[in-house]
Amino acid sequence: MRKYSEEFCSLIDVYSKNPEVKSMKNYIQHGKISTYEHCVYVAWISFQFNRKLKIKANEKELVEAAMLHDFYLYDWHNNPCIRLHGFSHAACAAENAKKKFNVSKNVYEAIDSHMWPLNITRIPRSRIAWVICLSDKYCALKETLFYRKERKYD
């Protein structure tokens, strides 16, 4: 089990206790990694990158956007209607985050642009957006290559 800092845990607390966010544990993201585990991992890596690289992004917004960046709430693997998941899920997650958590414009934009460059017109425009976009790619690659078996991040 990964050891998270108290500061990080206090930032994800509201999301880790929310039933709809917790429902992401029911959806697989990469290999055997749930969408929830993936979002926690992206939030943790974003938090670490921000601190270690002295990026100075707002930590509360950064972690919020990272925890909700894949808040689309469906299983894209078994649904033939969702053929272009890679292109569409960021907008769906951003809308869900706006409806359920009334996220700020910065957080909404970071969620909406996290699939750049696949979504070529949705370019990250803030520190938060860039950190999440890059952290998501890092985590997805690591999960796909190395964590295809059962693994728990929290």
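How much accessible surface does the chain have, and what percentage of it belongs to carbon and sulfur atoms? The accessible surface comes to about 8400 Å², and 57% of that belongs to carbon and sulfur atoms. Keep in mind as you look around that this is a predicted model.

Let us start with confidence. The chain averages a pLDDT of 86, and 85% of the residues score at least 70. Confidence is highest in α4, at 97, and lowest in strand β1, residues 28–30, at a mean of 73. A word of care belongs here: where pLDDT is low, the predicted coordinates should not be read in detail.

Now for the overall layout. The chain holds seven helices and two strands. Reading from the N terminus, the order of the elements is α-α-β-β-α-α-α-α-α. Of the 154 residues, 48% count as buried. If you take the contacts between residues at least 6 apart in sequence, 62% of them join residues at least 24 apart.

Next comes the interior. The largest nonpolar core has 36 residues, and the members that touch the most others are F8, V21, M67, L68 and I111. Two or more residues of this core come from each of α1 (6–16), α3 (35–52), α4 (59–68), α5 (85–101), α6 (105–112) and α7 (127–146). The biggest contribution is that of α3, with nine residues.

Helix α1 is a good place to see how an element meets the interior. Its buried residues are F8, I12, Y15 and S16. Viewed down the axis of α1, these buried residues fall within an arc of 80°, so they line one face of the helix. On the other side of α1, you will find E6 and S10 exposed.

Helix α4 is a different subject, so let us turn to it. This helix is mostly covered, with eight of its 10 residues buried. The buried ones are E61, L62, V63, E64, A65, A66, M67 and L68, so the list holds glutamates as well as nonpolar side chains. At the start of α4, a side-chain oxygen of N58 reaches to within 3.0 Å of the backbone nitrogen of K60. What does M67 touch, not counting residues up to four places away in sequence? The partners of M67 are I12, Y15, V21, M24, Y36, C39, V40 and A43. Two of these, I12 and Y15, are among the buried residues of α1.

From α4 we can step across to α6, where A110 is placed. Is A110 buried or exposed? Because its relative accessibility is 0%, A110 counts as buried. Although A110 and L62 are 48 residues apart in sequence, their C-alpha atoms are 8.5 Å apart in space. Setting aside neighbours within four places in sequence, A110 is in contact with A65, I128, A129 and I132. One of these partners, A65, is a buried residue of α4.

The loop between α6 and α7 is worth a stop too. H114 lies in this loop, yet with a relative accessibility of 0%, H114 counts as buried. The side chain of H114 reaches the backbone oxygen of I111 at 2.7 Å. I111 is one of the residues that touch the most other members of the largest nonpolar core. Beyond its neighbours within four places in sequence, H114 is in contact with H69, D70, H89, A90, I132, C133, D136 and K137. I132 also appears among the contacts of A110. P117 is found in the loop between α6 and α7 as well, and the peptide bond leading to P117 from W116 is cis, with omega near 10°.

Two more loops deserve a look for their backbone angles. Which residue in the loop between α3 and α4 should you inspect? K56 is located there, and K56 has a positive phi of about 65° although it is not a glycine. With 69% relative accessibility, K56 counts as exposed. In the loop between α5 and α6 sits N102, whose phi is near 50°, a positive value in a residue other than glycine. N102 counts as exposed, its relative accessibility being 64%.

Conventions
Residues are numbered from 1 along each chain as its sequence is written. Side-chain values use heavy atoms; hydrogens and water are left out. A nonpolar core is a set of buried Ala, Val, Leu, Ile, Met, Phe, Trp, Tyr and Cys residues joined through side-chain atoms within 4.5 Å. Buried means under 20% relative accessible area, exposed over 50%, partly exposed in between (1.4 Å probe, protein chains only). Helices (H or I, at least four residues) and strands (E, at least two) are DSSP runs, numbered from the N terminus. Contact means heavy atoms within 4.5 Å. A polar contact is a pair of N or O atoms within 3.5 Å; within protein, one must be able to donate a hydrogen and the other to accept it, and residues adjacent in sequence count only if both atoms are side-chain atoms. pLDDT is the predictor's confidence in each residue, from 0 to 100. The arc is that of the directions from the helix axis to the C-beta atoms. Accessible areas come from the Shrake-Rupley method with a 1.4 Å probe; for residues, only the protein chains shown count as cover.
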